[in-house]
Structures are given as structure tokens and as C-alpha cells.
Protein chains: 2
Amino acid sequence: MNIGEAAQASGVSAKMVRYYERIGLIRAATRTESGYRVYSDEDVHTLRFIRRSRGLGFSIEETAELLALWRDRERASADVKSFALKHVKDLEAKIESLQSMCRTLRHLAGSCHGDGRPDCPILDDIAAFGPGDKKEAKRTKAVSTCNHSH
Amino acid sequence: MNIGEAAQASGVSAKMVRYYERIGLIRAATRTESGYRVYSDEDVHTLRFIRRSRGLGFSIEETAELLALWRDRERASADVKSFALKHVKDLEAKIESLQSMCRTLRHLAGSCHGDGRPDCPILDDIAAFGPGDKKEAKRTKAVSTCNHSH
DNA sequence: ATAAAGCTTCCCACCGGGGGAAGGTCAAGC
DNA sequence: GCTTGACCTTCCCCCGGTGGGAAGCTTTAT
């Protein structure tokens, strides 16, 4: 099977298959005499594994670890489980971060008239000195330093 | 004010300030005779605006649009509001995508013993034939359907 | 005067890819 | 046979954002 077929069968683009080979995520494919890469069903299976892993949000490096676990018939399922749960925690952290942005924006949008007038609490807030700005003190200092002779 | 001070005052690294100038997000700073960039309080304010916008998940391009809206005293607040709400929708889509991954992984982890035995439904699922396989594409739809149906 | 800190530009790296050029190979149709 | 088009190869550049660092100049402090 050529790379195009393997790509279609696995759902991974040919470009990415070459990339995965180049970075060592998959082993170098055997070649025909003319240099074409040749793939087996097992290779396709691996590519599909990678695609699924990526689809679950695992990084390439994490995917490599998952692949190693997958190939290791001696691994303890506890290892896999803890690996998965660690990733769940990472995902939850990202989700919470995005939700925080979302909450803020929804709140701001809620307090914006949304009419033809230019008055806008959204921009006012973004432009405001936030209370979470640790640099506030230093800023004020820098400002006064800058305003006067420096 | 030099770039280092402006960076500290705005919370944007000096590196990023130069980058923002280079890509045209901020206008080129005036220079001293020796070539040092010089920033005013207004510049710092702009940098802080950018930092806040980025912190709310707006891309640099979106941030440029927000900056334009901010500077346009004639804009309608409705424009800002719809812009913000569009971004909220983008964020929600990302959140939903991550939550889908999370649900799947939690479900898989829940069905994994997590003991010393190698048997692991997590890896089994990732290795399963899913969508992307064209030949034998009628296997465990049950598992992924379970993820989907929540 | 000298050393340190800060500034400048320039290049490289990261992740996960996409686009495309230049050139070789294969299979089908005439 | 020969042409054509699809496919393959390597190679390089691009993206978003950010960090690191080298080489060299300027400013400041001692």
C-alpha cells in the first residue's frame, strides 16, 4: 500500500504520515526499489491509533507514550489509566481557562447596550487597569518617573 | 520610557512589544538618536489593552480589530458587542470540543480496572477501528456513540 | 575608566500542520 | 509503442505566538 492509500485508510494526511516518520513517532516505512513508501495494515492501524489519540487531545509526545504503552503487552492498566486521568486534568484546566474568558465576555456583553451609541463597557473594561494587574504599582512609579525628569 | 520599562508597566514582554511592532499591531515607536525605542503612557495603555485582549482569548488579528474599534470614537457599541459575542461562540465551540474529549476519556478511564493487569479498555478503544477507516467501518460505534450521546 | 545592564537586530526553536515547486514513477488509454 | 495524468519523492516557506540567545552598541553606575 502506498502512502496515499494508507493516508486515506487511516485518516491521516500523507503529509503528516511523512512528518510522523521524520520526527520518529512511527518507524521509517519500507521502500520500493523506486523509493516509494510501503505500508501494511498494521501501519495503518498504528496511524489510526495516532489519529484517535490526537483527536483526544494528546500531544504528539503523549501519543508516543501511549503508543509505547499500547505495544507493551506487559504494561499495567493502572499506568494507562493514570496517564489518561492526568490528561483529563490537563483538559479540565484548559476548559476552565476558556470558561473563565467566556464568563467575563458574556458578562461584559450583557452590560453593553448594543445599540448605535459608541458607549461600550466591553472596551472600557479591556482598556481599564484591572485589579489583577500586578504591575500597577510599578506602572505608577514608572509613570511619575517618566513624567518628571528622567 | 524605554522598552524594558514599558514592558514591565504593561505586562507585555519586550520581545513581544517588538514583535507587535514588527507585525503592525502597534505603530512603530519613536526612537532616540541612538536608536532606542521610546514609549509614552498611551503606548503602555495600548499594550495593556492588547494584553487584556489576548488574555480573553482574542487572536492577534482580532485584537487588532478590537484596537480599531477602541480608537474609533464613532463606533456603535452594537459592533463591539456582536464582535464579543462572536468570540464567545468560538470559545464555546472550543470548550465543547475539549469537553467531548474529556467525557470520552473519563468514560474510558471509568471502565478501566486500573490494576496490575495489562487488560485496558482505554487503549483498546483508541486502537479500535473508528471513522477514518473505509473498509471495515462498522465496529464499535457503541463506544464512541456513548461519548457522543451525553 | 570600566563593568554591568539595557538596548538593537538577527537567527533558531517549538507544535502541528498546509502549500507548493521540481522532478521521478506508475498505470491506463490510444 | 507513447502520452497523459495521477501519484510519489524531497525540499523549502508559511502560519500563530512566544522564548532563547548571539553579536554589537549605548547608557548608567561605580
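Q: Which polar backbone atom is 3.1 Å from a phosphate oxygen of DNA strand D?
A: In this predicted model, the atom belongs to B:Ile60. A polar backbone atom of A:Gly4 is also paired with a phosphate oxygen of DNA strand D, at 2.5 Å. A side chain can take part as well: an N or O atom of A:Arg18 is 2.8 Å from a phosphate oxygen of this strand.

Q: Which residues come nearest to DNA strand D?
A: There are 18 residues around DNA strand D, and the nearest are A:Gly4, A:Arg18, A:Arg37, B:Lys15 and B:Ser34. By residue class, the surface near this strand divides into seven nonpolar, six polar and five charged residues.

Q: Which helices supply at least two residues of the surface near DNA strand D?
A: Helix H1 (3-10) of chain A and helix H2 (14-22) of chain B each do so. The largest share, four residues, is that of H2(B).

Q: What part of DNA strand D do the atoms within 4 Å of the protein belong to?
A: Sugar or phosphate holds 70% of these atoms, and the rest belong to bases.

Q: Which residues are closest to DNA strand C?
A: DNA strand C is surrounded by 18 residues, of which A:Lys15, A:Met16, A:Tyr36, B:Gly4 and B:Tyr36 are the closest. Among the atoms of DNA strand C that come within 4 Å of the protein, sugar and phosphate account for 69%.

Q: How is the polar contact of side chains with DNA strand C to be read?
A: One looks at individual atoms and their separation. A phosphate oxygen of DNA strand C lies 2.8 Å from a side-chain N or O atom of B:Arg18. For A:Ser34, a polar side-chain atom is 2.9 Å from a phosphate oxygen of the strand, and for A:Ser13 the corresponding value is 3.3 Å. The elements giving two or more residues to the surface near DNA strand C are helix H2 (14-22) of chain A and H1 of chain B. H2(A) provides the largest share, four residues.

Q: What rotation superposes chain B on chain A?
A: A rotation of 180°, with 0.0 Å of shift along its axis, superposes chain B on chain A with an RMSD of 0.1 Å. The two copies are therefore related as by a two-fold rotation axis. Within chain B, the residue that comes closest to this axis is B:Ile95, whose C-alpha is at 2.8 Å.

Q: Why can the copies be said to meet through the same surface?
A: The reason is that 89% of the interface residues of chain B are also interface residues in chain A. Each chain is represented in the contact, with 64 residues from chain B and 64 residues from chain A.

Q: What area is buried between chain B and chain A?
A: The size of an interface is often given as the accessible area lost when the parts come together. Here the area buried between chain B and chain A is about 5600 Å², and carbon and sulfur atoms give 67% of it. B:Leu105, B:Leu123 and B:Ile126 supply 12% of the area that chain B buries against chain A, more than any other three residues.

Q: How many salt bridges are there between chain B and chain A?
A: The count is four. In one of the pairs across the interface, B:Arg106 forms a salt bridge with A:Glu92, with 2.6 Å between the closest N and O atoms. On the side of chain B that touches chain A, H5(B) gives the most, with 20 residues. The residues of that side divide into 30 nonpolar, 16 polar and 18 charged.

Methods
Residues are numbered from 1 along each chain as its sequence is written. Chains are lettered from A and ligands numbered from 1 in the order in which they are written. This is a predicted model: local features need pLDDT of at least 70, side-chain atom pairs count only at pLDDT 80 or more; totals for chains, interfaces and linings use all residues. Side-chain values use heavy atoms; hydrogens and water are left out. Copies are superposed by least squares on the C-alpha atoms of residues with pLDDT of at least 70 in both. Contact means heavy atoms within 4.5 Å. Buried area is the accessible area (1.4 Å probe) that two parts lose on being put together, summed over both. A salt bridge is a side-chain nitrogen of Lys or Arg within 4 Å of a carboxyl oxygen of Asp or Glu. Ala, Val, Leu, Ile, Met, Phe, Trp, Tyr, Cys and Pro count as nonpolar, Asp, Glu, Lys and Arg as charged, and the others, Gly among them, as polar. A residue is near a molecule or strand if one of its heavy atoms lies within 4 Å of it. A polar contact is a pair of N or O atoms within 3.5 Å; within protein, one must be able to donate a hydrogen and the other to accept it, and residues adjacent in sequence count only if both atoms are side-chain atoms.
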